[in-house]
Amino acid sequence: MKRSDFPFLGFGVGLRRCHYGQVIEGRPRMDWFEVISENFMVEGGRPIEVLERVREHYPVVMHGVSLSIGSTDPLNRKYLKELAELAERCEPAWISDHLCWTSIGGHNLHDLIPLPYSEEAVTHTAGRIRQVQEYLGRHILIENVSSHMAFRHSTLTEWEFLSAVAEEADCGILLDINNIFVSAFNHRFEAETYIDAVPAERVVQFHLAGHQDHGKYLLDTHDNPVREEVWRLYERAVRRFGAVSALIEWDDNIPDFSELQAAAVEARRLCQSASGDDDAGAHGGIERVGAG
Amino acid sequence: MMTRARMAESNGSVPADRQMGVAPDLKSLQELLYRLITAAEGVEEGLAAERMLPEGGLDAIIVGDERLSARERVEIYANAYFYRVLDVLKEDFPATLGVVGETNFHNLITSYLIEYPPTEPGIQHAGRHLPGFVRTHPLRERWPFIADLARLERCTIEVFHGPDVEPLGAAAMRAVAPDDWPGIRLRTHPNLRILELDWRVDMVLRAVADGEPWKEPARERVAIMVWRRDLKVQYRELERGECAALTLAQNGAAFAAMCDAIVAEVGEDEDAPAQISRLVGRWLGEDVLVREKPWPARADAAS
């Protein structure tokens, strides 16, 4: 698998409930939307109606939070079946989830718990990703999570772990720039080193989001604007990876849709500036925001 | 309330003869972290209950520093777990929250999660067992209606996410020849629920939804129908005659049998046919019925 196997979507935002009406009725300018898969893995009703109407006019990607790819529980076949059914319904450009575990012993923590960066974890997780990809009939993207725990028995750095899993599983990477920044602070490594080490040909998407500063640690809350330091890291990533589909992720204290649009426009501007290519990321939707 | 010993037994699966090493296998590590993150009294108490940690304890497994110890790092996840589920349940049970207040609701969910930790990938299922849990909770001593209220609220969540099925419309019924009416079979929409409650908690839910002050509900046996129309969840008290007829139709019933059920409730008087007609019209207008096979071929062609 390589990045060119996936389309370049441009600059998108997460589809959130408070904006459903505006997106469906107003059809605002936006290149694409990312949906949280589990919110739409329901039998019917408004969520499905919203998804179908959004999909009529915009590309969509499915981003999950409960695949629990690193868990030692068996893969949840019911979950995979529902995920596949949702993909059949909305034809996403790709499907992604997180490099972590969320459940054990049949119980779900509804959080993204980091794995030790060990050969055992690489082999275990990559094997499960391959099974998932075979079931879904497509390559998926795996996202780096932000973390507050590091394990003494880890033998790899986080970026080595991410790279090793992606190579062994032959999957794509959703590189969350904010998560790199947060984890770099929490674990005292250089975020730039991380950006420079990830295999470029596997990075299909970026996430850009805000976080909370708690003094002793940063918390990846997706409830604030993207910080200046994260934008600078994004520019570094663009200089290394080129134009990559980028998504503004905002999950709490969600502002007006216009503010999300503005962030997507900023991502595009920085992409063009950092790549030195005025056409980089040129797309039909977001470039015209602000023009009326 | 679960004791610490019970918590350790119910959450742990580490064999007594195998102490965890400083490089625990993935399964043991995940099980340990799960126990600590979900420990009801907090990570520190959870650690005190752990018997299999290596020498050096949690610090031997997780890197701590002068900013945050290993325990504090796990506590970040413990807080995130509890407050994420709590926030979702506040959204799913706003009336129950409004009645018992923040502190009581917080404590309710703390004990609820010990008995019913989430098991489904979708967090919308986390509150599935709350109505049953509340039924035997001490909060009922102060608010005896609270279990019925939680049950009604949970039902609205389930109906919201229920399947999309084309309802039976008035035109389709009108296309059925009068002679065929007794034999046609009707079924309630798969999203329709009938709750038989002991308290008029529908009034409480409506007041909270409207942002109005709520009043203690009357203790009154009532059948509440919850369904979805035009993507919106609705609920109302069922009239005389409706409950029996719609309950029959939940498993598919001949129209004649539904009429008999209505008559049995309203009594055999000259108003029964009018009542039947009015109820059928109401059900069709509310989109609560679907066709059940076989449907008269003549009516199918006409509609």
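Biologist: How many salt bridges does the rule find across the interface of chain A and chain B?

Modeller: The rule finds 4 there, a salt bridge being a side-chain nitrogen of Lys or Arg within 4 Å of a carboxyl oxygen of Asp or Glu. This is a predicted model, in which local features need pLDDT of at least 70 and side-chain atom pairs count only at pLDDT 80 or more, while totals for chains, interfaces and linings use all residues. Side-chain values use heavy atoms, with hydrogens and water left out; residues are numbered from 1 along each chain as its sequence is written, chains are lettered from A and ligands numbered from 1 in the order in which they are written.

Biologist: What makes Asp111(A) and Arg84(B) a salt bridge?

Modeller: The closest N and O atoms of Asp111(A) and Arg84(B) are 3.6 Å apart. That lies within the limit, so the pair is counted.

Biologist: How many residue pairs are in polar contact between chain A and chain B?

Modeller: The count is 21, with both residues at pLDDT 80 or more. A polar contact is a pair of N or O atoms within 3.5 Å; within protein, one must be able to donate a hydrogen and the other to accept it, and residues adjacent in sequence count only if both atoms are side-chain atoms.

Biologist: Which elements of chain A each supply at least two residues of the side that touches chain B?

Modeller: Among them are helix H2 (46–57), helix H3 (77–90) and strand E6 (107–113). Helices (H or I, at least four residues) and strands (E, at least two) are DSSP runs, numbered from the N terminus. E6(A) gives the largest share, 7 residues. By class, this side of chain A holds 20 nonpolar, 18 polar and 11 charged residues.

Biologist: How do you know how much area chain A and chain B bury between them?

Modeller: Buried area is the accessible area (1.4 Å probe) that two parts lose on being put together, summed over both. For chain A and chain B this comes to about 4100 Å², 60% of it on carbon and sulfur atoms. In chain A, Leu109(A), His110(A) and Arg152(A) lose the most area to chain B, together 17% of what that side buries.

Biologist: Why are E5 and E6 of chain B said to stand at the edges?

Modeller: The open sheet has the order E5-E1-E6 in chain B, with antiparallel pairing. Strand E5 (253–254) and strand E6 (289–292) each have a single partner strand, so one side of each is left without a neighbour in the sheet.

Biologist: How do you know that strand E1 of chain B pairs with E5(B)?

Modeller: Two strands pair if DSSP finds at least two bridges between them. E1 (residues 185–188) and E5(B) are joined by 2 bridges, so the condition is met. Arg185(B) stands opposite Ala254(B) in E5(B).

Biologist: What makes strands E3 and E4 of chain B a pair?

Modeller: E3 (residues 219–229) is joined to E4(B) by 6 bridges, and the two run antiparallel. That satisfies the bridge condition, so they count as a pair. Ile224(B) stands opposite Glu237(B) in E4(B).

Biologist: What makes Arg135(B) and Asp148(B) a salt bridge, and which parts of the chain does the pair link?

Modeller: Their side chains meet at 3.5 Å, N to O, which is inside the limit, so the rule accepts them. The pair links distant parts of the chain, 13 residues apart: Arg135(B) is in the loop between helix H7 (130–134) and helix H8 (139–142), and Asp148(B) is in helix H9 (residues 146–160) of chain B.

Note on methods: Nonpolar A, V, L, I, M, F, W, Y, C, P; charged D, E, K, R; others polar.
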